[in-house]
Amino acid sequence: MSKKVYEYEVGEKFITFFYVKSVTKGVASNQKSFLTITLQDQSGEIDAKIWDVTAEQEEIYKEGAVVKVEGELHDYRGRLQLKLKQIRIVTENDEVNFDDFFARAPLSKEELFESITKYINNMKNEKIRKLTDFLVSKHQKEYLEYPAATKNHHEFVSGLAYHVHCMLRLGESIANLYPSINKDVLYAGIILHDLGKVTELSGPVSTKYTVEGNLLGHISLIAIEIGNAAIELGIEGEEEVTVLQHLVLSHHGKYEYGSPKLPLIKEAEILHYIDNIDAKMNMLDRALERVEPGEFTERVFALENRSFYKPKL
């Protein structure tokens with residue numbers, strides 16, 4: 001495959017292939033319809049517009065299509081955008097590898113599974129270990145393949161497991177610095193906190209929210225799962241179960257961020273900060289890798305719409 005979109009310079013012309021992640025129809029000031037197409041390759045996503053769109057174009061340029069694009073990279077109000085010259089659906093004569101369009105975690109699924117299970121196997125509290133192992137094993141395939149979100153952070157194949165892997169390493173460093181932390185509780189909270197996303201989200205490709213995701217959300221979903229697993233394992237009513245449910249229910253940290261409860265256990269407070277640190281670092285790394293030293297990134301909506309500077313140091 002040719003260069004990725006974020007490897008091009010502003011004003012540079014190119015011809016390349018993209019996966020169509022989403023399509024939105026709009027109406028311009030001249031009352032003519034247009035399409036905003038979110039295009040994706042391994043380097044990320046970028047928007048392009050098809051102006052004066054025809055009914056035929058609306059029919060063929062849909063989510064999940066693969067297109068060949070000729071265009072130019074533009075900076076529009078601080079955000080990169082593609083100015084299309086030509087666009088068409090790929091044909092059987094085009095040499096395209098579908099996997100080239102999707103970013104993946106820097107570690108393989110096997111490496112991520114080995115990393116996460118190491119922490120589970122080292123847990124000393126048998127009830128916490130059994131409960132954590134039961135739920136990870138139940139959802140193992142999806143847990144190792146799904147992204148952590150539809151956008152903003154770890155929104156790539158195996159992003160969920162990679163997010164957990166990084167949080168575990170961060171949590172281990174913090175727990176070694178503060179020996180009063182219950183490592184079993186913290187590690188189990190990290191491993192389980194986003195596991196509800198395997199039900200909340202539709203999958204690793206063209207990820208959307210499911211009906212359960214929209215109506216219940218991943219926090220409620222995993223809290224329910226923990227309760228059901230405890231019944232199946234014969235440990236319902238034990239404090240370990242209540243503590244783990246509290247960690248997942250409070251891990252967003254504030255009511256306005258979607259947490260039904262505020263953190264009221266030390267490990268729950270730490271879990272919230274670890275989750276926040278890793279998510280923000282992932283957002284920053286992905287934004288900064290697209291700019292040269294001495295330049296500012298695009299505005300990052302999830303980080304108060306700030307534009308970050310990459311020092312020349």
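In this predicted model, the largest nonpolar core has 49 residues, and Ile191 and Ile226 touch the most other members of it. Eight helices, namely H2, H3, H4, H5, H6 (183-192), H9 (217-233), H10 (239-250) and H11, each supply at least two residues of this core. The greatest contribution comes from H5, with eight residues. Leaving aside residues up to four places away in sequence, Ile226 touches Leu131, Leu135, Leu192, Val241, Leu244, Gln245 and Val248. Apart from the core of 49 residues lies another core, of 21 residues, and Val5, Tyr6, Ile46 and Ala65 are among them. In soluble globular proteins, nonpolar side chains tend to be buried together.

Helix H6 is mostly covered, with nine of its ten residues buried. The buried residues run through Asp184, Val185, Leu186, Tyr187, Ala188, Gly189, Ile190, Ile191 and Leu192. Ile191 of this list is, together with Ile226, one of the two residues that touch the most other members of the largest core. Leu192, also buried in H6, is among the residues that Ile226 touches. At the N-terminal end of H6, Asn182 acts as a cap: one of its side-chain oxygens lies 3.1 Å from the backbone nitrogen of Asp184.

Some nonpolar side chains are found on the surface instead. Val211, Leu215, Leu216 and Ile224 form a nonpolar patch there, and together have about 420 Å² of accessible area. Ile224 belongs to helix H9, and its relative accessible area of 45% makes this residue partly exposed. Helix H9 is also one of the helices that supply at least two residues of the largest core.

Charged side chains were examined next. The search of the whole structure finds 15 salt bridges. One of these joins Glu145 and Lys109, whose closest N and O atoms are 3.3 Å apart. The pair links distant parts of the chain, since Glu145 is in helix H4 (residues 140-145) and Lys109 is in helix H2 (residues 109-121), 36 residues apart. Glu145 counts as buried because its relative accessibility is 18%, which is under the 20% limit for that class. Lys109, with a relative accessible area of 35%, is partly exposed.

Glu126 and Lys130 form another salt bridge, with the closest N and O atoms 3.1 Å apart. Both residues are in helix H3 (residues 126-138), and because they are four residues apart they are separated by about one helical turn. An α-helix has 3.6 residues a turn, so residues three or four places apart point the same way. Both partners count as partly exposed, Glu126 at 45% relative accessibility and Lys130 at 41%.

In a further salt bridge, the side chains of Glu155 and Arg286 meet at 3.2 Å, N to O. This pair also links distant parts of the chain: Glu155 is in the loop between H4 and helix H5 (159-177), whereas Arg286 is in helix H11 (residues 266-288), 131 residues apart. Glu155 is partly exposed, with a relative accessible area of 26%, while Arg286 counts as buried at 14% relative accessibility. Elsewhere, salt bridges that share partners join Lys109, Lys141 and Glu145 into one network.

The loop between H4 and H5, which holds Glu155, also contains two residues with a backbone angle of note. Most residues other than glycine have a negative phi. Asn152, although not a glycine, has a positive phi of about 80°. This residue is placed in the loop between H4 and H5 and is partly exposed, with a relative accessible area of 34%. His154 is in the loop between H4 and H5 as well, and has a positive phi of about 50° although it is not a glycine. Unlike the partly exposed Asn152, His154 counts as buried, at 1% relative accessibility.

A second loop, between helix H7 (197-200) and helix H8 (211-215), contains Ser206. Ser206 counts as buried, at 17% relative accessibility. With residues up to four places away in sequence not counted, Ser206 touches Tyr19 and Glu63. The side chains of Ser206 and Tyr19 make a polar contact of 2.3 Å.

Terms used: Residues are numbered from 1 along each chain as its sequence is written. This is a predicted model: local features need pLDDT of at least 70, side-chain atom pairs count only at pLDDT 80 or more; totals for chains, interfaces and linings use all residues. Side-chain values use heavy atoms; hydrogens and water are left out. A salt bridge is a side-chain nitrogen of Lys or Arg within 4 Å of a carboxyl oxygen of Asp or Glu. Buried means under 20% relative accessible area, exposed over 50%, partly exposed in between (1.4 Å probe, protein chains only). A polar contact is a pair of N or O atoms within 3.5 Å; within protein, one must be able to donate a hydrogen and the other to accept it, and residues adjacent in sequence count only if both atoms are side-chain atoms. Contact means heavy atoms within 4.5 Å. A nonpolar core is a set of buried Ala, Val, Leu, Ile, Met, Phe, Trp, Tyr and Cys residues joined through side-chain atoms within 4.5 Å. Patches are made of residues with over 30% relative accessible area and no salt bridge: like charges are joined within 9 Å, nonpolar side chains (Val, Leu, Ile, Met, Phe, Trp, Tyr) within 5 Å. Accessible areas come from the Shrake-Rupley method with a 1.4 Å probe; for residues, only the protein chains shown count as cover.
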